[in-house]
Amino acid sequence: MSDAGILSRAAEVVGRFPSRRLLVVGDIMLDEYVFGTVGRISPEAPVPVVAVTRETKIPGGAANVAFNLRGLGTGVEMAGLLGDDAQGRFVARMLKGKRVGTEAVVVDPDRPTTVKTRVIAHSQQVVRVDREQKAPPSRKASDTLLRKALNALDGVDGVVFSDYRKGALNGELVREVTAAANRKGIFVAVDPKRSDFSFYRGCTVITPNKGEAQAALGGRELETDLDVWEAGKELLRAGRSKAVLITRGEDGMTLVERGKGACFHVPAFARQVFDVTGAGDTVIGTLAACLAAGATMREAAVLANVAASVVVGEVGTVPITAEKLLRAADQRNLERESAGGKRTCG
């Protein structure tokens, strides 16, 4: 089926979102944005001086995946760690304000909430400041998170692992939650940050970007569609998953599915890219919502690509919404319905 054929079903798929519920498990963060203008270079060092005009704070990391899902209209349960600090309390309030379930969010007094502060001037990121603790959480916090995540599986249609390698996900949690999801017959989608894909063994679909895929293959360059197809097949074996969706920036996305004779390539759609921050969260969130709504893997990949094209055209972490997704899908359908828009890699 071509892009045009898939996009014609967008309204049908999106219409099912409100009746679906997803569990997001991963690294919860706070994203801070400091916006301003640059008019001169500092006399103290060769760096720009940013005159601040406004600041915003929004949940990031796995919490941004949850926000994307809420924007699409699905129900969401959140599982992860927050510090016992002002930043953690702010994120918790924001999640509850969006009606995200937080029963599986664990407050760990021994770890600060991860905070990423980005300074942006004239639609360009000037610098990013990270405040985090990468050491593993306490055994008590990890055990509590595992227990709550397993309990949260009841009544959900799928699981998303949002891995930023900040300590929330360990091997035991990933194995136990994946095994329980498989027993329940619900899918597990992974946004990976580890180069060893066996860490996610048994999941349904993994969504690395091109750089993450290359790292998982020992740094091998992926230059052509055929390179990406071969890489996808290797990563399928490593993770024992059913599908791998490799996001490739301006080259679009490539889906490799177990048992398929060829890969499925989705060309890029974005007209202008201002900021890729949070694009991976949007991809995994939209993909998961579509799978929960009964879309095929290819249909979900096409709609995830459309969603990514929307958010990279805005500055900062901006979750997708059902309305934006449908509007962009309609536009893309008009442009591609005569040309097809799909190509295979083998």
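This tour visits three helices of a predicted model, moving from α8 to the pair α9 and α10. Residues are numbered from 1 along each chain as its sequence is written; in this predicted model, local features need pLDDT of at least 70, side-chain atom pairs count only at pLDDT 80 or more, and totals for chains, interfaces and linings use all residues. Side-chain values use heavy atoms, with hydrogens and water left out.

Select residues 225-239, which form helix α8 (helices are DSSP runs of H or I, at least four residues, numbered from the N terminus). Its buried residues (under 20% relative accessible area, 1.4 Å probe, protein chains only) are D225, V228, W229, A231, G232, L235, L236 and G239. Viewed down the axis of α8, these buried residues fall within an arc of 165° (taken from the directions from the helix axis to the C-beta atoms), so they line one face of the helix. Next, select R240, which follows α8 and has a positive phi, near 50°.

Proceed to residues 279-292, helix α9. Here 13 of the 14 residues are buried. Just after α9, G294 has a positive phi of about 95°.

Finally, add residues 297-311, helix α10. The axes of α9 and α10 (lines fitted to C-alpha atoms over the stretch in contact, with angles from 0 to 180 degrees between N-to-C directions) come within 8 Å and cross at roughly 145°. Among the residues in contact (heavy atoms within 4.5 Å) are V283, T286 and L287 of α9 and A300, L303 and A304 of α10.

Notes. Helix = DSSP H or I, 4+ residues; strand = E, 2+ residues; numbered from the N terminus. Expected span 1.5 Å × (residues − 1). Buried < 20%, exposed > 50% of the residue type's maximum accessible area, 1.4 Å probe, protein only.
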